[in-house]
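This report covers two sheets, the helices that pack on them, and the nonpolar cores. Please read it beside the model.

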Amino acid sequence: MQSLKRSLLPVRFRPQLPTGSDAGFEAAGEVPPAGAGIRLEGLSRLKQGPKKSDPAPSRLSYRLQRWMLTPGIRLGMRIGVPFCLVFALGSGFLASEKRRDALNAFVADVRASIQERPEFMVKLMAIDGAGTNLAEDIREVVPLDFPVSSFDLDVEQIRQVITGLDPVKSATVRIRPGGVLQVDVVERQPAVTWRTRGGLEMLDETGAHVDDLASRAERPDLPLIAGEGADAHVDEALRLIRAARPLGERMRGLVRIGERRWDVVLDRGQRILLPVERPVQALERVLAVNEVQDLLERGVADIDMRLGARPTIRMTEAAATEWWRVRSTSGNGQ
């Protein structure tokens with residue numbers, strides 16, 4: 001162990017030991033004088049270096065750092081300051097009227113160059129689902145001077161104008177590829193003819209006006225209704241017309257009385273006066289009696305069903321005269 005320690009010492013500090021077994025310490029070499037220290041190689045490393053500064057920030061620096069970490073201050077530095085700078089520069093640039101006019105002219109030229117490109121131009125209008133007369137009316141209410149830029153077309157306004165026409169039930173307007181303004185129309189289908197003091201009108205199942213008729217012969221296939229306020233009760237009139245199918249061609253039409261109830265008008269001057277409530281059921285009762293007793297084939301002028309508990313029949317003058325004659329003859333015993 002001692003030999004190992006000696007081997008680890010530097011060469012200049014290793015003592016000269018005697019080689020013989022009986023050699024004394026005096027022969028070991030010169031002994032260093034008393035008080036002389038042994039110079040070690042790592043001594044310089046143990047010396048204290050220069051004093052370092054305190055790494056802790058000052059109070060002012062600390063408060064400034066904390067202030068900069070505030071979310072509002074960070075947001076203002078990131079967004080507010082650049083915005084204010086841009087706003088100030090823009091305001092300074094636009095302060096001159098000449099520069100403003102030049103900027104507006106530049107924007108208008110750029111916009112016109114984009115909007116008037118050939119791929120954005122609409123050259124014609126196509127109408128599907130409408131008859132010849134309705135198509136002509138649509139072209140009249142939508143006067144467009146083609147070609148026109150698609151940016152200058154308000155398709156929603158065009159659709160509202162088209163649906164404002166009486167014969168149009170619904171419509172869709174879109175710009176089709178190829179520069180075509182496509183108009184798809186669902187036309188109202190006339191359900192009845194309404195006779196008024198002003199003439200004849202065709203109405204759909206909702207009572208909306210479809211078109212005018214010059215004469216009844218133009219649409220003899222449509223049932224006829226008349227009277228004030230009949231257009232507001234077309235749905236009820238259609239139910240009565242369906243219930244009166246057993247009458248066939250004998251039925252002439254329906255008349256709205258007092259804007260309250262209906263009269264069924266038949267040929268030979270006959271009428272069926274229906275009540276305000278449940279008119280369809282009242283008409284079905286009359287048709288059931290007629291099927292059993294041929295009521296309408298006799299000299300009956302009116303069948304009054306306004307009082308459901310007491311139906312009333314008014315006979316024609318000829319039938320009443322004949323009835324009195326038969327009664328008087330039977331009373332005399334003849």
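In what order do the 3 strands of the open sheet run, and what is the pairing? The order is S2-S5-S4, with mixed pairing. Strands S2 (124-128) and S4 (168-176) are the edges, each pairing on one side only. Strands and helices here are DSSP runs, of at least two E residues for a strand and at least four H or I residues for a helix, numbered from the N terminus. Two strands pair if DSSP finds at least two bridges between them. From one strand to the next, the twist averages 20°.

This is a predicted model, where local features need pLDDT of at least 70, side-chain atom pairs count only at pLDDT 80 or more, and totals for chains, interfaces and linings use all residues. Residues are numbered from 1 along each chain as its sequence is written, and side-chain values use heavy atoms, with hydrogens and water left out.

S2 pairs with S5 (residues 180-187) in the parallel sense, over 5 bridges. Leucine 124 has valine 180 of S5 as its bridge partner.

A second open sheet has 9 strands, in the order S8-S7-S6-S9-S10-S11-S12-S13-S14, and its pairing is mixed too. Its edge strands are S8 (209-213) and S14 (312-315). Here the twist averages 25° from one strand to the next. S6 and S9 pair in the parallel sense over 3 bridges. In S9, isoleucine 225 is the bridge partner of tryptophan 194.

Three helices lie on these sheets. Contact means heavy atoms within 4.5 Å. Angles run from 0 to 180 degrees between N-to-C directions, with axes fitted to C-alpha atoms, for helices over the stretch in contact.

| Helix | Strands touched or crossed | Angle |
|---|---|---|
| H6 (residues 132-141) | S2, S4, S5 | about 145° with S2 |
| H7 (residues 155-163) | S4, S5 | about 155° to S4 |
| H8 (residues 234-243) | S6, S7, S9, S10, S11 | about 145° with S10 |

H8 is mostly covered, with 7 of its 10 residues buried (under 20% relative accessible area, 1.4 Å probe, protein chains only). Among them are Val234, Leu238 and Ile241. The cover over these residues includes helix H9 (279-293).

The largest nonpolar core (buried Ala, Val, Leu, Ile, Met, Phe, Trp, Tyr and Cys residues joined through side-chain atoms within 4.5 Å) has 31 residues. Val192, Ile225, Leu254, Trp262, Val264, Leu274 and Leu283 touch the most other members. H8 gives the largest share, 6 residues. Apart from this core lies another, of 18 residues, including Ile127, Ile162, Val168 and Val183.

How values were computed. Buried means under 20% relative accessible area, exposed over 50%, partly exposed in between (1.4 Å probe, protein chains only).
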